[in-house]
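Work through the exercises below with the model open beside you. Try each task before reading its solution.

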Amino acid sequence: MSVPAVSSFMFTPEIETMDRATLARLQLERLRASLEHAYAKVPHYRRAFDQQGVTPADLRHLQDLARFPFTVKTDLRDNYPFGLFAVPREQVIRLHASSGTTGKPTVVGYTEDDLNNWADLMARSLACAGVRPGDCMHNAYGYGLFTGGLGFHYGAERLKCTVTPISGGQTERQIALMCDFGATVLAATPSYALNLVEAAEQMGVDLASGPLRVGTFGAEPWSETMRAELDRRLGIRACDTYGLSEIMGPGVAMECTYRLGLHGWEDQFVFEVVDPQTMEPVAMGEPGELVITTLCKQALPMVRYRTRDITRLIDEPCPCGRTHLRIMRVTGRNDDMLIIRGVNLYPSQIEAVLVGFPSIAPHYQLVVTRQGSMDHLTVETESETERDEDGRRLLAHQVRHHLKSMVGVTCEVLVRAPGELPRSQGKAVRVKDMRKS
Ligand code: DLL
């Protein structure tokens, strides 16, 4: 097999603090092998490279990657289920899939080396966030076709943590087990972590006074205000973790305890940020769409995958000493951006205003409708304690004003009674777009 297996590691200063020139040489060598592997084994890549008039031999410098074609989600769908695999199906020992809201799911596969490598990367990511061997991890990411549960599971085992494979749901039971087992690490989506905190408080359990120390939250956008809320109510340091199934799952990038952006593991991936309109690379530090190329994936190499995630890259040194580029917190996806009366808006901007607003519970859903030729936004949120309808109307009025002045958007606000909005069991559904129906 042309793509090398990567040796086992946990905390790897020789990789994570490698000087950038050596890192670039390693990337170039691995990128060549990965492009050759994709070109030789995947008809889709051969066709796409040929159409663009490039072959792997054209990659002389890392910058030459910009000459290669992008890969998009529909390429996976068009080649459903296994058409993008670069190894015979018999060598693929695990499948995951994401539930497409429309059409076919996207299927991803892993060889034994891929799984080994993923567990190593997850162990490294967890260590980066301050998790240590001997920690007790309560893993509330969903197990199954979603990559979150098993990704964190094998990474934590590799780091020699004790793992509770609880998955999502049965929230009250989860709290009892967290207390009984003395969980020190919580792995969950931030919206489910919030659901857990709230349920614990209702049960009279103060998780903040227990042994919980680290939160590794990701799989959906979340604001700094939400982070402060989770830190306080859980008594932890919450770190952001980023990944996507097409690239591997979780373990693509992770915050260190300084929390100044997520270290993107550049020995495994090449990160680019492009202008989503022109598709040209943007300058370092400028926002745009994140594009990722895998360097070591055997079963499913990905060349310039358009993530749709909006972020920026930072190449300044981090106080932790890691030299890998930092991916700034993903604020939203291209396709999640709402345009309401000419204002561009991500749900996480609304979240930042609602979380921490006095008397408002940090739960919300955005409903977009069309009224005539205008898009209309209704923000549904919840009062923490107010059951009286007039009281909630007054609160809605205040929230509406605050949103107008902070985000610049005119919208309707409905404040529901405590407990009325649906709670997240995994990834929260923040936007209900009724314009298409
Ligand atoms: O969400 C993998 C994952 C699991 C990441 C557990 C972190 C923790 P997908 O289901 O394929 O994979 O969804 C990937 O989720 O393109 C982003 O839009 C979003 N996303 C993931 N992590 C973050 C994050 C997993 N930290 C899609 N912040 C990505 C914002 C995130 N958005």
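**Exercise 1: Confidence**

Task: Find how far the model can be trusted, and where to be careful.

Solution: This is a predicted model. The average pLDDT of the protein is 94, and 96% of the residues score at least 70. Next, look at residues 4–9. Their pLDDT is below 50. In the model this stretch has 17 contacts beyond near neighbours in sequence. Where pLDDT is low, predicted coordinates should not be read in detail.

**Exercise 2: Two helices**

Task: Decide how helix α2 and helix α3 are oriented: roughly parallel or roughly perpendicular?

Solution: Start with the ranges. Helix α2 covers residues 20–41 and helix α3 covers residues 43–52. They pack at an angle of about 105°, and their axes are 5 Å apart. Angles of 65 to 115 degrees count as roughly perpendicular, so α2 is roughly perpendicular to α3. Now list the contact. From α2 come Leu35, Ala38, Tyr39, Ala40 and Lys41. From α3 come Pro43, Tyr45, Arg46, Phe49 and Asp50. Sort these by class: seven nonpolar, three charged and no polar residues.

**Exercise 3: The cores**

Task: Which residues touch the most other members of the largest nonpolar core?

Solution: The largest nonpolar core has 71 residues. Tyr242, Phe269 and Ile292 touch the most other members. Helix α5, residues 112–128, gives the most to this core, with eight residues. Another core, of 25 residues, lies apart from it. Its members include Ala188, Ala193, Ala199 and Phe217. Finally, select Phe269. Leaving out residues up to four places away in sequence, Phe269 touches residues including Gln27, Leu121, Ile247, Ile292 and Leu295.

Key. Residues are numbered from 1 along each chain as its sequence is written. This is a predicted model: local features need pLDDT of at least 70, side-chain atom pairs count only at pLDDT 80 or more; totals for chains, interfaces and linings use all residues. Side-chain values use heavy atoms; hydrogens and water are left out. A nonpolar core is a set of buried Ala, Val, Leu, Ile, Met, Phe, Trp, Tyr and Cys residues joined through side-chain atoms within 4.5 Å. Buried means under 20% relative accessible area, exposed over 50%, partly exposed in between (1.4 Å probe, protein chains only). Helices (H or I, at least four residues) and strands (E, at least two) are DSSP runs, numbered from the N terminus. Contact means heavy atoms within 4.5 Å. pLDDT is the predictor's confidence in each residue, from 0 to 100. Axes are lines fitted to C-alpha atoms, for helices over the stretch in contact, and angles run from 0 to 180 degrees between N-to-C directions. Angles under 35 degrees count as roughly parallel, over 145 as roughly antiparallel, 65 to 115 as roughly perpendicular and the rest as oblique. Ala, Val, Leu, Ile, Met, Phe, Trp, Tyr, Cys and Pro count as nonpolar, Asp, Glu, Lys and Arg as charged, and the others, Gly among them, as polar.
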